[in-house]
Amino acid sequence: MAITPEQDPKPKPQQQQKTKPKSSTTTKTTTNDPKFSFFFYFTLSISLITLFFTFFTSSSLSSHDPKSWFLSLPTTLRHHYSNGRTVKVQLHPNQPPIQVFTFQQTPSTKASENVVVLHGTGLSSFSYRKVLNFMASKGLQVVAIDLPGNGFSEKSMEVVSVEPLNGFFDTFWYVFGEIKEKGFFWAFDQIVETGQIPYEEIVGRMSKRKIVKAIDFGPEDMGRVLGQVISTLGLEPVHLVLHDSALGLSANWISDNSEFVRSVTLIDTSNSGALPICVVQYPLIREVVLGFSFAYAKVLNSCCSKGVGVNDADAQRVLLKGMDGRKSVVAIGKRLNSSFDVEEWGGSDGLKGVPMQLLWSGGWSKEWSDEGNRVARALPQASFVTHSGGRWGQEDAADEIGEKVSSFILSLPKSVRKVEQEAIPDHIQKLLDEAKNNDHDHGHGHGHGHGHYGDTNIPEPDYMNAYGLGQGGPHGW
């Protein structure tokens with residue numbers, strides 16, 4: 001018979017001890033945190049809004065990949081770019097040079113005069129290609145410039161440190177940008193993995209973030225750009241054709257450098273431009289206008305020109321939509337001087353004797369015709385001529401615009417160009433002096449090409465090609 005050991009009815013002391021709670025502090029559930037609830041629904045709402053706009057606009061309004069953006073352009077725009085070239089200009093000593101796109105049309109015969117065309121708000125050299133073709137057929141050398149921040153010129157973005165965000169709308173647009181960059185549900189992935197919304201991470205980046213900001217090019221900077229392009233391409237003296245808001249951006253440079261200006265033609269000039277900045281500035285409105293071709297075409301037909309073709313309107317929309325073109329145009333528009341006095345400018349001493357023509361739309365509206373008469377009275381030295389197109393006459397009356405501008409320029413006395421001899425580098429001068437001395441020693445110093453730099457067989461240094469600006473130079477895109 002097996003003896004079973006008697007069990008002690010009392011538990012052992014260690015069994016009597018109750019399990020003590022862990023010493024580590026238990027983390028409060030995030031679901032009870034009001035910050036969690038707020039940012040959860042806040043992020044969800046913005047994600048849905050982002051999804052909505054991305055779906056209807058089919059792509060982001062601002063692509064920062066130049067190659068992808070360029071390959072997505074319509075064929076007409078890519079062809080326009082391939083026929084142009086870029087010029088590097090230096091606006092400020094402590095900043096890198098800016099690449100400015102130029103489109104040039106050369107006549108089949110030797111050019112009689114040089115002409116530079118400057119576009120207005122929301123436009124580029126692409127809009128004037130038909131006008132340039134017509135003027136070149138009249139024997140004029142014509143160059144259209146994409147001002148910085150427009151067309152194919154550099155938008156010149158810079159990284160800027162900013163202060164922490166304040167207010168609901170600042171926070172809204174910051175989170176909106178985060179979602180566009182990282183994906184619709186990046187915050188929800190963090191919730192699944194950690195059980196917490198990345199509130200601290202968001203707040204930390206908001207307080208230390210850096211943004212890419214469009215430089216606001218003002219009249220002084222635009223004047224420097226115009227002067228450097230004209231000088232680099234050797235166009236002085238030049239006939240200037242200024243459309244829309246271009247006068248306000250270049251007026252100071254013209255007054256200060258009138259000796260390089262042969263004539264000025266103003267086409268439907270305006271302090272603010274025909275294209276309303278608000279349609280590309282304010283949220284929701286800009287997404288609709290730049291997201292849909294028909295919406296942008298409607299805006300142009302109501303404000304700028306009733307004859308803009310569908311393809312041309314879409315090309316202009318694409319240039320505004322991509323590579324931060326919209327932001328640059330808005331920044332430039334804010335720098336326009338709405339109180340610019342054309343009468344005071346036209347009466348300045350520097351412009352006395354400079355021939356002028358005022359070319360104006362005669363059938364856009366009664367109000368616009370009255371404005372043209374006012375500008376004509378302010379510039380009594382300018383000949384006043386009307387055209388049948390809209391405020392963007394280059395779109396629906398290109399040949400008429402080209403004919404009237406060409407006739408005015410060709411009616412003036414021919415320009416006299418000063419050809420300045422380029423300074424001879426020291427090492428070249430030393431070689432020339434040695435060669436001259438050797439010729440005298442051998443009795444051959446008879447003036448057969450070794451007396452001065454202009455008659456030597458040593459070619460002049462090709463500085464244009466050295467900087468990529470020659471006829472065969474790269475675009476620099």
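Start with the surface of the whole chain: about 26,100 Å² is exposed, and carbon and sulfur atoms supply 55% of that area. Bear in mind while you click around that this is a predicted model. Colour by secondary structure and you should find 21 helices and 10 strands in the protein chain. Colour by burial instead, and 45% of the 477 residues come up as buried. If you draw contacts between residues at least 6 apart in sequence, 77% of them join residues at least 24 apart.

**Stop one: strand 3**

Select residues 113–118, which make up strand 3. How many of its six residues are buried? Six of the six are, so the strand is mostly covered given the cut-off of under 20% relative accessible area. In a regular strand, side chains alternate between the two faces of the sheet. Here, show Glu113, Val115 and Val117 on one side, then Asn114, Val116 and Leu118 on the other; both faces of strand 3 are covered.

Now for its partners. Add residues 140–145, and you have strand 4, which pairs with strand 3 in the parallel sense over six bridges. To see one of the pairings up close, pick Val117: its bridge partner in strand 4 is Ala144. Trace the backbone between these two strands and you pass through helix 5 (residues 129–137), in a β-α-β crossover that is right-handed.

Next, bring in strand 7, residues 238–243, which runs parallel to strand 3 and is joined to it by four bridges. Zoom to Leu118 here; Leu242 is its bridge partner in strand 7.

**Stop two: helix 4**

Jump to residues 75–82, helix 4, and show the side chains of its buried residues: Leu77, His80 and Tyr81. Look down the helix axis and these buried residues fall within an arc of 95 degrees, so they line one face of helix 4. Rotate to the other side of helix 4, where Thr75 and His79 are exposed. What covers the buried residues of helix 4? Display helix 3 (66–71), strand 2 (98–105) and helix 14, which are among the elements doing so.

**Stop three: Arg317**

Helix 14 spans residues 310–321, and Arg317 lies in it. Is Arg317 buried or exposed? Buried, because its relative accessibility is 8%. To see what surrounds Arg317, skip its neighbours within four places in sequence and select its contacts: Val289, Leu290, Gly291, Phe292, Ser293 and Tyr296.

Key:
Residues numbered from 1 in each chain as written. Predicted model: local features only at pLDDT ≥ 70, side-chain atom pairs only at ≥ 80, totals over all residues. Heavy atoms only, no water. Buried < 20%, exposed > 50% of the residue type's maximum accessible area, 1.4 Å probe, protein only. Contact = heavy atoms within 4.5 Å. Pairing = 2+ DSSP bridges. Right-handed = clockwise from strand over helix to strand, strands pointing away. Areas by Shrake-Rupley, 256 points an atom, 1.4 Å probe, with all protein chains shown as cover. Arc of directions from axis to C-beta.
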